Amino acid sequence: PEIAIVLGTRPEIIKLAPIIRHCRERSIPHTVIHTGQHYSDSLNDVFFAELGLPEPEYELEVGSASHGKQTGEMIVEIEDVLLEAEPATVLVQGDTNSVLAGAIATSKLSIDLGHVESGLRSHDRTMPEERNRVLTDHASDYLFAPTDQSRRALREEGIPDERIHVTGNTVVDAVEQNRTLAAERSSVFDDYDISRGEFCLLTAHRAETVDDEDRFASLLRGAGRVADALAREIVYPIHPRAANAVDEFDLVIPDGVRTIEPQQYLDFLALESEATLVLTDSGGVQEEACILGVPCVTLRENTERPETLAVDANVLVGTEPDAIHEGAVEMIDRTPAWPNPFGDGEAAERIVDAILRDEDRMTVTG
Ligand code: UD1
Ligand code: UDP
């Protein structure tokens with residue numbers, strides 16, 4: 001195949017779906033390699049089904065483990081597949097361990113590596129995702145930066161301009177392809193008895209938040225305060241990592257906060273679109289809230305999506321209850337007139353075009 005796409009987690013499936021779809025529409029030979037980092041139905045299978053993606057050609061079933069073991073096993077397995085499939089280019093997306101493994105396996109072979117969503121920087125080296133991003137960017141031949149700001153970050157690290165392509169973020173392609181479908185098809189409001197426009201949406205799953213008992217407890221107290229102050233229910237589709245932490249630390253979910261299962265993409269988009277406010281520590285959710293025109297309160301000290309702060313769609317508040325409360329009060333009345341900084345929804349096409357252009361050139365020049 002021309003292109004092998006390595007993915008393994010929920011956000012990668014969602015943000016690579018537009019590229020897979022585009023390859024299919026243009027009959028570009030491609031193959032999908034799933035590392036198995038996410039394997040629960042609610043983080044994996046449901047997305048393939050509703051995004052109309054075929055089953056991956058390769059399922060590596062690596063599963064959960066320590067970072068080194070998980071990443072190492074993925075490298076071994078991805079290398080075997082690449083040797084068999086012989087793609088010209090491998091694409092990875094984002095900042096997970098699956099991305100780092102795909103990057104290392106590819107860069108040890110004479111295969112080009114493309115990094116989708118390149119140049120994001122939180123400048124917080126305690127996050128495993130930050131290390132994965134930096135390492136992957138420096139191993140890549142194609143750096144698909146979503147914005148000019150991400151291009152600047154790459155230039156500052158000395159990456160040559162000719163490797164960098166500003167394409168927009170494929171999250172915009174995904175939102176545009178699915179938001180109408182979500183509004184038409186989702187029954188999430190009836191299923192959970194949620195009133196449109198009268199609730200806030202919460203997600204929190206990052207290791208640095210939920211693996212720390214005090215931080216996670218503080219975040220939950222803050223969410224409870226917001227529910228009281230705004231007299232609105234907070235709906236929290238809870239990632240398994242966070243659900244495990246609630247059990248392990250025996251944390252109390254405050255009144256006014258309702259945990260539900262992780263949602264399918266269309267249902268989650270429907271919830272995001274109709275929420276009065278989004279509270280999150282997720283990367284993709286900060287972007288989607290900004291694109292959908294819903295004010296966002298980010299429960300972290302930093303963000304690798306500063307574009308959302310620059311357009312006044314988002315504030316950083318950390319995990320202290322007072323700060324969460326103040327941030328929510330500040331954002332709830334914000335008029336969602338900001339521009340979308342993440343592109344025009346044609347990122348997938350630009351990414352595939354950039355790869356094919358180079359391959360053509362190589363064929364012509366021999
Ligand atoms: C991973 C990414 C994170 C991303 C998130 C998207 C890394 C370092 N982290 O975090 O950047 O934001 O995916 O959701 O790559 N689990 C299940 N079912 C699954 C997968 C995991 O129950 O299908 C549970 C297991 O208890 C596992 C824990 O979640 O130990 C953590 O899973 P892991 O893949 O290590 O990281 P995520 O927290 O999902
Ligand atoms: N998402 C979803 N269902 C949920 C929560 C999130 O479909 O219950 C989607 C969301 O729309 C976004 C992506 O998952 O596209 C974000 O993934 P996550 O927060 O797990 O990872 P991050 O973006 O922080 O790496």
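**Chatting through a predicted model**

User: Hi! Let's start with the sheet. How many bridges join β2 to β3, and do the two run parallel or antiparallel?

Analyst: Hi! Strand β2, residues 30–34, is joined to β3 by two bridges, and the two strands run parallel. Keep in mind that this is a predicted model.

User: Which residue stands opposite Tyr 58?

Analyst: That's Ile 33, which faces Tyr 58 in β3.

User: What does the whole sheet look like, then?

Analyst: It is an open sheet of seven strands with parallel pairing. If you walk across it, the order is β3-β2-β1-β4-β5-β6-β7.

User: What holds strands in a sheet together, in general?

Analyst: Strands pair through backbone hydrogen bonds, in either a parallel or an antiparallel way.

User: Back to this sheet: which strands stand at its edges?

Analyst: Those are β3 (58–59) and β7 (164–166). Each has a single partner strand, so one side of each is left without a neighbour in the sheet.

User: Cool. New topic: ligand 1. How many residues surround it?

Analyst: Ligand 1 is surrounded by 19 residues, and the closest are His 38, Tyr 39, Ser 40, Glu 129 and Arg 241.

User: Which polar contacts can I look for there?

Analyst: Try Glu 129 to begin with: a polar atom of its side chain is 2.6 Å from an oxygen atom of ligand 1. Gln 37 also has a polar side-chain atom 2.9 Å from an oxygen of ligand 1. For His 239, a side-chain N or O atom lies 3.2 Å from an oxygen atom of the ligand.

User: How much of ligand 1 does the protein bury?

Analyst: On its own ligand 1 exposes 740 Å², and the protein buries 86% of that.

User: Which helices help to build that shell?

Analyst: The elements giving two or more residues are α3 (67–85) and α11 (240–249). The largest share, three residues, comes from α11.

User: And what about residue classes?

Analyst: The shell around ligand 1 has four nonpolar, eleven polar and four charged residues. At least three residues come from each of domain 1 (3–169 + 343–365) and domain 2 (181–332).

User: Now ligand 2. Which residues are closest?

Analyst: Of the 16 residues that surround ligand 2, the closest are Arg 10, Gln 263, Ser 282, Gly 284 and Glu 288.

User: Any polar contacts with those?

Analyst: Yes! A polar side-chain atom of Glu 288 sits 2.6 Å from an oxygen atom of ligand 2, and one of Arg 10 is 2.8 Å from an oxygen of this ligand. Gln 263 uses its backbone instead, with an N or O atom 2.7 Å from a nitrogen atom of ligand 2.

User: How much of ligand 2 is covered?

Analyst: The protein covers 95% of the 540 Å² of accessible area that ligand 2 has on its own. Helices α1 (10–25), α12 (265–274) and α13 (283–292) are the elements that give two or more residues to its shell.

User: Why does ligand 2 lie between the two domains?

Analyst: Because domain 1 and domain 2 both give residues to the shell around ligand 2. By class, that shell divides into seven nonpolar, six polar and three charged residues.

User: Last one: what is special about the backbone at His 123?

Analyst: Its phi is near 60°, a positive value in a residue other than glycine. His 123 lies in the loop between β5 (112–116) and α5 (128–139).

User: Is His 123 buried or exposed?

Analyst: It counts as exposed, because its relative accessibility is 66% and the cut-off for exposed is over 50%.

Conventions. Residues numbered from 1 in each chain as written. Chains lettered and ligands numbered in written order. Predicted model: local features only at pLDDT ≥ 70, side-chain atom pairs only at ≥ 80, totals over all residues. Heavy atoms only, no water. Near = heavy atom within 4 Å. Polar contact = N/O pair within 3.5 Å; in protein donor to acceptor, adjacent residues only side chain to side chain. Areas by Shrake-Rupley, 256 points an atom, 1.4 Å probe, with all protein chains shown as cover. Helix = DSSP H or I, 4+ residues; strand = E, 2+ residues; numbered from the N terminus. Nonpolar A, V, L, I, M, F, W, Y, C, P; charged D, E, K, R; others polar. Domains from an automatic or database assignment. Pairing = 2+ DSSP bridges. Buried < 20%, exposed > 50% of the residue type's maximum accessible area, 1.4 Å probe, protein only.
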